[in-house]
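Reader: I am new to this structure and should be grateful for a close look at a single part of it. Please choose one helix, describe it with care, and then place it within the rest of the chain.

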Amino acid sequence: MFVTACVPLRLRSTANLREHWAQKASRIKTERYAAFYGLCEVSPAWNQWETSPLRVTITRIAPRTLDDDNLVSCCKAVRDGIAQWLDTPDNDPSITWVYAQRREGVGEYAVEMTVEAVHDEKEFGNGNTIA
């Protein structure tokens, strides 16, 4: 079983983003709560598989792709929002974080989040994966 949510959100590469500290805090807060409430709309809580390892896939949808290190860094606030929804820290060893991206048309931005229980030991890998 799995839960998937898609929220209209533009994730920017933060490596060369020069912004005021208040602007940055506002952007991070918006991204985190968009992920949290996007999952809350689909499923109010995730408690049915507390003991199962989880695979969480964060897919950035945008007209252009990022390289892998920028992809991971731009998804940090979304990862925090998902961890908040899961009610667990984002460094929990039972969660595998997978980062992906998909190209869409000009002006089309979104984030797709999928949380799924991993039942097969071969499928479970600890840490981060770039798809």
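**Helix H1 and its surroundings**

Author: In helix H1, the buried residues are Arg27, Glu31, Ala35, Phe36, Gly38 and Leu39. Viewed down the axis of H1, these buried residues fall within an arc of 160°, so they line one face of the helix. The model under discussion is a predicted one.

H1 itself runs over residues 21-42, which gives it 22 residues. From its first C-alpha to its last it reaches 32 Å, close to the 32 Å expected at 1.5 Å a residue.

The opposite side of the helix may be taken next. On the face of H1 turned away from its buried side are the exposed residues Lys29 and Glu41. Thr30 also belongs to helix H1. Its relative accessible area is 46%, and Thr30 is therefore partly exposed, since that class lies between the 20% limit for buried and the 50% limit for exposed. Along the chain, Thr30 and Gly81 stand 51 residues apart, yet the model places their C-alpha atoms at a separation of 9.8 Å.

What, then, covers the buried residues of H1? The cover includes strand S1 (2-7), helix H2 (68-74), H3 and strand S4 (110-117).

Aromatic residues deserve a separate word. A search of the whole structure finds two aromatic pairs. In one of them, Phe36 and Tyr37 meet edge-to-face, with 4.9 Å from centre to centre and 75° between the planes. The two partners differ in their cover: Phe36 has 15% relative accessibility and so counts as buried, the limit being under 20%. Tyr37, in contrast, has a relative accessible area of 48% and is partly exposed. Together with Tyr33, Phe36 and Tyr37 form one aromatic cluster.

Among the elements that cover H1, helix H3 merits closer attention. H3 spans residues 76-86, and nine of its 11 residues are buried, so the helix is largely enclosed by the rest of the structure. The buried residues of H3 are Ala77, Val78, Arg79, Asp80, Gly81, Ile82, Ala83, Trp85 and Leu86. Gly81, whose C-alpha atom was related above to that of Thr30, is thus one of the buried residues of H3.

Just after H3 comes Asp87, which takes a positive phi of about 60°; this is a positive value in a residue other than glycine. Asp87 is found in the loop between H3 and strand S3 (95-103). At 71% relative accessibility, Asp87 counts as exposed, whereas Leu86 in H3 is buried.

Strand S3, on the far side of that loop, contains Arg102. With 35% relative accessibility, Arg102 counts as partly exposed. Leaving aside residues up to four places away in sequence, Arg102 touches Thr59, Arg60, Ile61, Ala62 and Glu112. One of these, Ala62, is 40 residues from Arg102 along the chain, and the two C-alpha atoms are separated by 6.6 Å.

The cysteines may be considered in turn. The structure holds zero disulfides. A disulfide is a covalent bond between the sulfur atoms of two cysteines. For Cys75, the closest cysteine sulfur is that of Cys74, at 4.0 Å, which is too far for a bond because a disulfide requires sulfur atoms within 2.5 Å. Cys75 has 0% relative accessibility and counts as buried. Cys6, by comparison, has a relative accessible area of 48% and is partly exposed.

It remains to set these parts within the whole chain. Its secondary structure comes to three helices and five strands, and along the sequence they follow the pattern β-α-β-α-α-β-β-β. Of the 131 residues of the chain, 42% count as buried. Among contacts with a separation of 6 or more, 87% join residues 24 or more positions apart. The chain exposes about 7600 Å², of which carbon and sulfur atoms supply 49%.

In summary, H1 has its buried residues along one face and the exposed residues Lys29 and Glu41 on the face turned away from them. The cover over its buried residues includes H3, a helix that is itself largely enclosed by the rest of the structure.

Note on methods:
Residues numbered from 1 in each chain as written. Predicted model: local features only at pLDDT ≥ 70, side-chain atom pairs only at ≥ 80, totals over all residues. Heavy atoms only, no water. Helix = DSSP H or I, 4+ residues; strand = E, 2+ residues; numbered from the N terminus. Buried < 20%, exposed > 50% of the residue type's maximum accessible area, 1.4 Å probe, protein only. Contact = heavy atoms within 4.5 Å. Areas by Shrake-Rupley, 256 points an atom, 1.4 Å probe, with all protein chains shown as cover. Phe/Tyr/Trp six-rings, centres within 6.5 Å; stacked < 30°, edge-to-face > 60°. Expected span 1.5 Å × (residues − 1). Arc of directions from axis to C-beta.
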